[in-house]
Each structure stands twice: as C-alpha cells, then as structure tokens.
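Here is a short briefing on a protein and DNA assembly. Keep the sequence and the 3D view open as you read.

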Number of protein chains: 2
Amino acid sequence: MSAPGPPARTGKRATVHDIAAAAGVSRGTVSRVLNGGYVSVTARAAIERAIREVGYVPNTAARNLVMQRSQAVGFIVLEPHTLFLEDPNIGGIMLGANAALSAADYQMVNLVVDSERDTARITRYLSGGFVDGAIIVSARSHDPIIQVVGGLALPSVFVGHPRDLHPEIPYVGIDNLASAEEITRRLLATGRRRIGMIAAAVDRDSGADRLAGFQRALGPLFDESLVAEVPVYDFACGAKGMRTLLEREPELDGVFAAADSVAAGAMEALRESGHRVPQDIGVVGFDNSSWATRTRPHLSTVHQPADDIGSHAADMVLRQLRGDPIAERGLLLPSPVVWRDSA
Amino acid sequence: MSAPGPPARTGKRATVHDIAAAAGVSRGTVSRVLNGGYVSVTARAAIERAIREVGYVPNTAARNLVMQRSQAVGFIVLEPHTLFLEDPNIGGIMLGANAALSAADYQMVNLVVDSERDTARITRYLSGGFVDGAIIVSARSHDPIIQVVGGLALPSVFVGHPRDLHPEIPYVGIDNLASAEEITRRLLATGRRRIGMIAAAVDRDSGADRLAGFQRALGPLFDESLVAEVPVYDFACGAKGMRTLLEREPELDGVFAAADSVAAGAMEALRESGHRVPQDIGVVGFDNSSWATRTRPHLSTVHQPADDIGSHAADMVLRQLRGDPIAERGLLLPSPVVWRDSA
DNA sequence: TTGTATGCGTTATCAA
DNA sequence: TTGATAACGCATACAA
C-alpha cells in the first residue's frame with residue numbers, strides 16, 4: 001500500500017505552489033521549468049527534484065481554464081450504440097484517428113450519440129470546453145449536434161461526404177459511387193445478367209452513393225425490384241436481404257452487398273438455400289473488412305482504407321488546431337477493388 | 001449560417017458575468033439560480049431571460065476547478081486497440097456501463113491503453129482530474145495504470161476477477177471457472193471422451209479460470225496435450241487452434257472453445273477438414289455473443305451478461321462517487337449455460 | 001434575499 | 001533570471 005506508485009496517496013495533490021515551497025523559489029519560476037523559459041541551472045535542478053519529491057501532477061482543469069484548451073478531440077459517432085460496435089469500418093477509422101491524435105499528444109474522446117438524452121449531454125460536453133476539436137462520423141444534415149459544432153466554430157472534420165452540410169467544415173472519405181460502379185462492372189464482366197443489390201443505410205451518403213454506383217454500372221440492366229433495402233450494415237440484415245432477393249427473383253446470378261458484413265450474411269442465406277458461390281451466384285461486398293476473409297470463398301470487395309481515413313481526419317483537425325488554414329474543401333482517398341473468389 | 005443554433009457564433013462565449021450584467025444583478029445571484037439557492041422570483045425571471053439571451057453555456061473547466069470534479073468516468077480497456085473492437089464482450093460491457101452512467105448524467109470516456117505512449121498519456125489524463133472514477137477492464141496485476149488509479153485513490157471497479165490486485169477496489173464479473181466446468185460436463189454427458197480445449201488469453205483471470213474449469217470437469221480424462229493455447233479471443237486464433245488440435249489428436253470428438261468467436265473460427269476449420277458438427281465433433285463456446293447464432297449449427301455456450309456487468313460496474317463507481325461505502329468486496333453475476341445444436 | 005470577496009491551480013505579464 | 005500579480009470562470013462563505 002505504501003511502497004509503489006509515484007503519486008503519494010495523500011488526500012490533496014501537490015500543486016505548483018507546493019513545488020515552489022519545497023524548492024524555495026516562486027511559482028513563476030516553477031511554471032517556467034514546467035513549460036519552457038529562461039531559468040538558471042541551479043534553480044532548475046532544485047525544482048526538478050522538488051517535483052519528484054512532492055509527486056506533482058498538473059491539474060488539467062486549471063490549465064485548461066487559463067489556456068482555454070483541453071488537449072482532447074471528440075470522435076463523434078452519430079449511430080446507434082450497437083452499430084458502433086458491429087461496424088468494423090467505424091472501428092478502423094477510430095483506430096486510425098486515435099493513432100494520429102495520440103502521436104500529437106491529444107486524447108481522443110469517444111462520443112456516441114444515439115438518443116435525445118445523449119444529444120443533450122454531449123452538447124453540454126462539447127460546449128463545456130472538454131474538447132478542442134471534433135471528428136464527426138455518420139452525420140446526417142438534420143443532426144442537432146452538427147448545429148452545435150457549427151455554432152461553436154469547433155475545429156472539425158466530417159468523415160464521409162455529406163452534401164449540403166456546413167460547407168466550411170472539410171470532409172474526408174472515399175468515392176463510394178465510383179467504387180460501387182467499378183465492382184458492379186466486374187460482376188457484369190464475369191457474365192452475370194440478373195444482378196441484385198442489398199442496399200443498406202440509403203439514408204446516408206455512403207449508402208445512397210453505393211446504390212447510385214450500382215445503378216449506373218447496370219444501366220439498362222438495372223431493375224428496381226432487384227434492390228433489397230435494409231436499414232443497417234450488418235450480418236443479419238444481409239441474410240434477410242438475400243432471402244428477399246431470392247424470393248423475388250429465383251434466377252438471380254449476381255449480388256452486390258453494400259458491405260462485407262452484409263455480404264457475409266447473404267452468403268449464409270445462400271448456403272442455406274443451396275446456392276453455390278460463385279458458381280450459381282456471384283457475390284461482391286464493400287469495405288475489405290475482416291469479414292471478407294472470414295467467408296468461404298473469400299469476398300471480392302472494395303478496399304476502404306479505414307485507417308487512413310481516420311488518420312487523415314485527425315490530421316485535418318490537428319491542422320486547424322495549429323492555425324494552418326486548410327485549403328481543400330475535402331479529401332477523397334483511393335479505394336481500389338480487390339478481387340478474390342466470390343465473383 | 002446565421003439562423004440556427006442556440007449559442008451565438010461569437011468568438012468569446014458568454015459567462016456568468018455577462019448574464020449578471022444583462023440582468024442587472026450580481027454574479028452571486030446568477031450562480032444561485034444556476035445551482036440552487038434562495039433567489040427572488042423577479043430576479044430569477046430576469047436572470048433566466050438573460051441566460052437565454054446571451055446564449056450561456058457553463059465553462060466546465062472552471063466549474064471542475066472549483067468543484068474538484070469532472071462529471072466523467074473513464075472506461076479503461078487494457079487490451080490492444082484491435083481486440084477492443086473485435087471482442088463483442090467488451091463492447092457489451094461498455095454499452096451497459098454507458099447506459100448506467102449517462103442515466104446518472106455522467107459522461108463515459110473511453111480509454112484504450114495499448115502502448116507505452118498510451119500509458120503515459122492516459123496517466124496524465126487520469127491524474128489531471130478529467131475523470132471522477134474508472135471502470136477497468138482486462139487488468140493484469142503488473143499494469144502500471146493500476147498503480148496510478150490506486151495511488152490516486154480514484155473511485156474504481158474492476159471488471160473481471162483479478163486476484164492479488166488492490167483488494168480495496170471492488171470487482172464485478174462472472175464465475176468463469178464454474179461455468180467452464182459446467183459446459184464441459186455437458187460435453188461429457190453427450191458421450192464425448194476425447195475432449196480438447198482452445199484456451200485463449202490464459203495470462204488473464206478469465207482465460208485461466210476457463211481453463212481450470214475445463215480441467216476440473218474432465219478430471220482423470222484431462223490430457224494436457226489436448227489444450228491448444230492461443231493468445232487472444234478471436235476468430236483467426238480459433239481456426240488456428242482447431243487445426244493444431246486436429247493434428248495432435250485425429251480421434252478428437254469434443255472441443256471447448258474459450259469464446260464464441262474462437263468457436264466460430266474452430267468450426268470454420270472443422271468444415272474445411274470435413275468434420276461434421278455435432279455428429280463427429282461437439283463444439284461449445286463461451287459468451288453467448290452474436291457469434292453464437294452466426295455459426296451453423298448454432299453454438300451451445302455460456303451466457304455472459306455483458307450488459308449487466310457493465311451497468312453493475314457503473315453502479316459501483318457511482319455509489320463510491322456518492323459516498324456510499326460499498327460493502328461487498330465483489331459481485332459475481334449468474335452466467336447460465338445455453339444449449340443449442342453444436343453439442 | 002442579495003452583493004462582495006476569496007479561492008480553485010495554472011499561465012502570463014510585468015517590474016525588479 | 002526571477003518574483004509578484006493579474007487573469008481564467010465559477011462557486012460559496014460571509015456580510016449586508
């Protein structure tokens with residue numbers, strides 16, 4: 001109980017004042033060695049020893065108050081809590097952002113807003129100066145949090161490409177439309193003609209763009225009845241969507257699932273109904289997440305550089321924080337198709 | 001740009017001082033209506049109007065400084081970042097904790113510590129008064145963060161049942177040993193005799209206890225060579241562990257996988273090697289996560305009430321925060337076996 | 001019921 | 001190079 005751990009387990013924590021007293025100098029001098037500034041060698045030595053002795057650890061609230069910053073950036077996810085967990089994509093983006101942020105010595109604070117109550121609490125949190133900036137994922141234009149962030153003029157970045165949405169806030173993402181088009185084309189190239197899509201989250205820009213890309217690739221072959229819309233990117237929705245499609249069109253020979261998790265669910269449904277992949281039906285996904293190599297056969301899919309998206313998003317916030325004006329209105333990262341065996 | 005959003009987009013935010021000026025009262029009176037205290041009806045009305053007018057939002061740093069609290073609780077995960085995403089169990093616990101915390105108007109702050117650098121930054125974060133309490137997941141006794149938390153006397157709770165680890169910090173979890181024993185027994189009851197285990201994370205209490213339970217159930221039938229140890233609870237490790245086991249013992253007729261994700265990987269390997277489940281080999285898992293119903297056949301497993309664990313953990317921190325002394329040294333939640341078709 | 005004054009722990013601006 | 005001293009925005013004990 002008494003041996004280890006640098007900070008002494010006393011009720012009150014040591015302050016700059018205590019260091020000053022212990023070292024026999026003024027608080028100003030202590031502050032100068034803590035930050036950077038002219039201080040004599042002898043004074044510095046005495047103070048550094050005192051710091052260790054009293055087990056000093058800075059009080060961030062006090063520092064924030066005077067510095068007007070928190071050294072933290074919010075990672076705001078506007079999705080149900082459960083999806084936040086299920087979606088490997090959001091996870092990857094989060095990891096990338098966290099790595100970049102922590103390299104710059106910023107703490108990432110994870111904020112999932114799902115309910116009215118969340119909105120209120122997180123509004124308070126953002127307004128309270130707990131974060132210096134924000135990375136916003138899955139924004140829709142009506143989200144009240146967006147208004148708050150805009151009103152606060154909080155240095156921010158959108159992940160994704162929401163249109164008509166605070167043009168002064170930059171974005172980073174991929175070209176969902178072009179990539180969806182490209183992967184659908186390859187489905188055509190392997191001879192499929194009755195091609196369906198399991199479209200998810202069409203109320204969001206990513207979902208809508210993937211559907212649009214699919215339609216553009218198919219051109220006159222596009223058949224609205226071969227699009228099964230499901231609410232979210234997940235396994236269960238994929239299985240359900242696939243069953244719907246099979247029911248509507250027994251002759252189906254190709255399927256574009258809007259995400260790998262959706263594709264995995266679809267393949268499960270396909271196996272149950274006795275269809276072989278890729279012989280009977282070709283399947284392609286989107287994301288190149290760990291789902292893609294968890295299915296048999298492995299999924300052909302679009303690689304979404306989640307990690308890069310996250311780190312670029314973090315960089316854009318960091319740059320605003322530094323005062324560097326950011327030139328681009330937005331940033332689209334490459335998302336190449338990766339071919340495996342499912343189509 | 002100018003229409004919506006309560007806080008006016010001015011550079012400086014309104015303070016209590018501004019409210020006082022606008023309402024023609026002193027700061028003290030304003031503070032009293034903000035918190036609670038005696039204040040005349042007329043003054044209150046004027047102040048409340050002024051608050052809306054100036055678009056006041058409290059400065060949390062200042063409030064924290066004077067109140068010596070942050071109204072936030074850290075959710076500390078001592079695991080690699082990637083596992084934090086993959087492990088559905090941690091996710092469920094997080095969700096449960098978040099729900100309880102936000103119901104009590106606390107902000108949950110997610111802290112994953114994976115590297116040296118993380119440790120330093122998060123130590124600073126915790127010590128800086130950013131959180132009033134902590135929920136600690138996956139602790140091992142040597143983790144330096146534990147020392148910090150202990151040294152700070154930060155109201156905390158362990159998720160899991162780490163022994164020899166700060167006995168003054170309560171824990172909440174399940175009885176991994178008993179449940180592992182129980183589910184292994186049922187494997188025996190269905191006639192299996194050459195039973196192996198894919199043991200994961202044996203350096204942690206949960207992993208070690210599950211292995212111990214397995215051994216206790218088997219008694220004299222226990223064969224050390226039929227235990228394949230893998231580093232973490234995940235799909236890929238499950239497949240690899242299964243292949244190892246099959247190689248060591250072609251006559252294997254039962255397998256206990258230390259987690260559902262591990263079991264799913266194992267079943268994938270089994271399918272590839274042409275073994276039928278449950279006819280040739282019975283498989284049981286642990287967690288009752290979404291993996292359990294994603295496999296064919298569905299997994300028999302142990303239900304781990306992740307949500308409840310999370311909310312109970314949050315409650316224990318909240319109680320300490322309120323000053324209620326917490327009586328129990330720890331809390332073990334029921335974790336019943338759920339039988340499906342894989343064994 | 002209200003106003004005033006003081007302190008929370010830092011940093012920053014001055015003189016010295 | 002250093003030591004006072006004034007902010008930062010809020011809560012609160014005390015005086016009025």
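How many nonpolar, polar and charged residues does the surface near DNA strand C have? That surface has 13 nonpolar, 10 polar and two charged residues. Keep in mind that this is a predicted model. The points below cover the two DNA strands, then the two protein chains, then the domains of chain A.

**DNA strand C**

- DNA strand C is surrounded by 25 residues. The closest are Val16(A), Tyr56(A), Thr29(B), Arg32(B) and Ser40(B).
- Of the strand C atoms within 4 Å of the protein, 69% belong to sugar and phosphate.
- Val16(A) uses its backbone here: one of its backbone N or O atoms lies 2.6 Å from a phosphate oxygen of DNA strand C.
- Tyr56(A) uses its side chain: a polar atom there lies 2.9 Å from a phosphate oxygen of strand C.
- Asn59(A) has a polar backbone atom 3.2 Å from a phosphate oxygen of strand C.
- Helix 2 and helix 4 of chain A, together with helix 2 and helix 4 of chain B, are the elements that give two or more residues to this surface.
- Helix 4 of chain A gives the largest share, four residues.

**DNA strand D**

- DNA strand D is also surrounded by 25 residues. Here the closest are Thr29(A), Ser40(A), Val16(B), Tyr56(B) and Arg63(B).
- Sugar or phosphate supplies 70% of the strand D atoms within 4 Å of the protein, and bases supply the rest.
- Thr29(A) places a polar side-chain atom 2.5 Å from a phosphate oxygen of DNA strand D.
- Tyr56(B) has a side-chain N or O atom 2.7 Å from a phosphate oxygen of strand D.
- Arg63(B) has a polar side-chain atom 2.9 Å from a phosphate oxygen of strand D.
- The elements that give two or more residues to the surface near strand D are helix 2 (27-34) and helix 4 (60-67) of chain A, with helix 2 (27-34) and helix 4 (60-67) of chain B.
- Helix 4 of chain B gives the largest share of this surface, four residues.
- By class, the surface near strand D has 12 nonpolar, nine polar and four charged residues.

**Where chain A meets chain B**

- On each side, 58 residues take part: 58 of chain B are in contact with 58 of chain A.
- The size of an interface is often given as the accessible area lost when the parts come together.
- Chain A and chain B bury about 5000 Å² between them, with 56% of it on carbon and sulfur atoms.
- Four salt bridges cross this interface. Glu268(A) and Arg296(B) meet in a salt bridge, at 3.4 Å from N to O.
- There are also 12 residue pairs in polar contact between the two chains.
- On the chain B side, the elements that give two or more residues include helix 4, helix 6 (88-103), strand 2 (107-112) and helix 12 (260-272).
- The residues on that side divide into 25 nonpolar, 19 polar and 14 charged.

**Domains of chain A**

- The domain assignment gives chain A domain 1 (16-58), domain 2 (72-173 + 307-335) and domain 3 (176-302).
- The centres of domain 2 and domain 3 of chain A are 29 Å apart, taken over C-alpha atoms.
- In chain A, 12 residues of domain 2 are in contact with 11 residues of domain 3.
- The area buried between these two domains is about 1000 Å², and carbon and sulfur atoms give 44% of it.
- Two salt bridges cross between domain 2 and domain 3 of chain A. Four residue pairs are in polar contact across the same interface.
- On the domain 2 side, three residues are nonpolar, five are polar and four are charged.

**Salt bridges**

- Side chains of opposite charge can pair when their charged atoms come close.
- Over all chains, the structure holds 34 salt bridges.
- Arg140(A) forms a salt bridge with Asp203(A), and their closest N and O atoms are 2.8 Å apart.
- Asp118(A) and Arg121(A) also meet in a salt bridge, at 2.7 Å from N to O.
- Both Asp118(A) and Arg121(A) lie in helix 7 (residues 116-127) of chain A. They are three residues apart, about one turn of the helix.

Definitions and conventions. Residues numbered from 1 in each chain as written. Chains lettered and ligands numbered in written order. Predicted model: local features only at pLDDT ≥ 70, side-chain atom pairs only at ≥ 80, totals over all residues. Heavy atoms only, no water. Near = heavy atom within 4 Å. Polar contact = N/O pair within 3.5 Å; in protein donor to acceptor, adjacent residues only side chain to side chain. Nonpolar A, V, L, I, M, F, W, Y, C, P; charged D, E, K, R; others polar. Domains from an automatic or database assignment. Contact = heavy atoms within 4.5 Å. Buried area = accessible area lost by both parts, 1.4 Å probe. Salt bridge = Lys/Arg side-chain N within 4 Å of Asp/Glu carboxyl O.
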